[in-house]
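Student: Please take a close look at the buried charged side chains in this model and at what they pair with. One connected account would suit me better than a list.

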Amino acid sequence: GYEKMMCDPTATITPLPTLRAAAAYLSDTALPRAAEMARPRATALRDSEWSEEHIAFGDNDGLTGVLCRPARSGPARVMVLTNAGGIRRIGWGRQYVDLARDLAAHGVASLRFDLSNVAEAAGPDPAIPFHYGDGIHREITAAVDALTTRDFDDITLVGACSGAYHALRAGAGDARVNRLVLINQLCFEWGPEHAFPLNAWMMQKAGDVERRRNAVDEGLSDLARLRAVLMARAIKLAKTGAKSAYHALRAIASLTAPSASGATMSASEKAFAEIVARGARIDLVYADGDAGLDELERIFGPGGERALALPGVRKTILPSADHLLTARHARAGLRAVLLEGAASGKAKTRAA
């Protein structure tokens, strides 16, 4: 099960029976002294520009995260950093760790935590997690609750991919949120045009590494290697078919998409309108050429024009970047967007 476990953070299939067997073996053979050793308590980390502490919140303290604060006291600004798919709270390539500490150096606190089915928030059967569950956005609301009890009152939600999907839903119904930063959002409204290609991708991704290995494994018989090669080709054909079906479903969805006149508003358009109506702001951040730009256009018209026509909505394109903003210059571009909004102070003017 190693290959399927290591294929991709979002598509991973965890070999739970194997891990449970290993855990049972280690438990049975561990030295008596190991069982008596006290588990070390988490302590705060401190630097000249930031400090970090582990916090628990939500129902029965079922959610855990890392609150990163500026070393010096200042405005009560904080950003909530949500997971992208199955990538745990440290971010892709520790992106969120570096970002949180950099934000703190500029006077902005942050909370990074794991949503349902990711890392420490994994459910009872995390073998094949689903990252677009209906209630996940409530966990972001629980994070906002925890932050307001710590006297933060200028709150920004930051989400990438599926994290952006949940951040939008949490922010739409929470007047305490002053700003949303939605990064490479591939889905605004979950439906079959998203479920079909995502499921097809997850199924093929989990087996790709294993199939490629088997196709070249000299230790296998000729028949086994031939079977692996044929399976790899069949998967390629299936992916091509899934892509065609995906485009067909999107064409059908476009028939019910909002008209250019705005006579029929989608749920996302209504959410955007409600957010900006209360004085909050929305930043749309995309890698150049990202597939999320097609989704933005499907929901909000060419170039996202109906969203950008709203006051307080801005779109930023990061050149030569991938979906996960792996390159340093892409991460620097995101940091600039975050700090540009934070530098202007409170994004929302509260009623007296």
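Tutor: R179 has a relative accessibility of 2%, so this arginine counts as buried. The model is a predicted one. The partner of R179 is D283, and the closest N and O atoms of the two are 2.9 Å apart, which makes the pair a salt bridge. R179 sits in strand β7 (residues 177-183) and D283 in strand β8 (residues 281-287), so the bridge links distant parts of the chain, 104 residues apart. D283 is buried as well, because its relative accessible area is 1%. This pair does not stand alone: salt bridges with shared partners join R179, D283, R314 and E340 into one network.

The structure has twelve salt bridges. One of them is formed by the side chains of E52 and R101, at 3.0 Å from N to O. E52 belongs to strand β2 (residues 50-57) and R101 to helix α4 (residues 95-105), so this bridge ties together parts that are 49 residues apart in sequence. Burial here is uneven: E52, at 6% relative accessibility, counts as buried, whereas R101, at 21%, counts as partly exposed. The cut-off for buried is under 20%.

Another bridge joins the side chains of D114 and R89, with an N to O distance of 3.8 Å. Both residues lie in loops: D114 between β5 (109-113) and α5 (137-148), R89 between β4 (77-81) and α4, so the pair ties together parts 25 residues apart in sequence. D114 is buried, with a relative accessible area of 1%, and R89 is buried too, with 7%. A salt bridge needs the side-chain nitrogen within 4 Å of the carboxyl oxygen, and the 3.8 Å of D114 and R89 meets that limit.

R331 is a contrasting case. This arginine, in helix α12 (residues 328-343), is buried yet has no salt bridge. The nearest side chain of opposite charge belongs to D98, 4.6 Å away. Leaving out residues up to four places away in sequence, R331 touches W92, G93, R94, Q95, L325 and T326.

Q95, one of those contacts, also leads to the empty space inside the model. Of the residues lining the largest cavity, Q95 is among those nearest its centre, together with A84, Y96, A160 and L324. The volume of this cavity is about 130 Å³, and its lining has 15 residues: nine nonpolar, five polar and one charged. In total, the structure holds three cavities of 30 Å³ or more.

Notes: Residues are numbered from 1 along each chain as its sequence is written. This is a predicted model: local features need pLDDT of at least 70, side-chain atom pairs count only at pLDDT 80 or more; totals for chains, interfaces and linings use all residues. Side-chain values use heavy atoms; hydrogens and water are left out. On a 1 Å grid over the protein atoms alone, a cavity is a set of points where a 1.4 Å probe fits but cannot get out, and a pocket is an open set with protein on both sides within 12 Å along at least five of seven lines; lining residues have an atom within 4 Å of a point. Grid points are joined across faces, edges and corners, and a volume is the space filled by probe spheres set on the points. Ala, Val, Leu, Ile, Met, Phe, Trp, Tyr, Cys and Pro count as nonpolar, Asp, Glu, Lys and Arg as charged, and the others, Gly among them, as polar. Helices (H or I, at least four residues) and strands (E, at least two) are DSSP runs, numbered from the N terminus. Buried means under 20% relative accessible area, exposed over 50%, partly exposed in between (1.4 Å probe, protein chains only). Lys and Arg count as positive and Asp and Glu as negative; His and the chain ends are not counted. Contact means heavy atoms within 4.5 Å.
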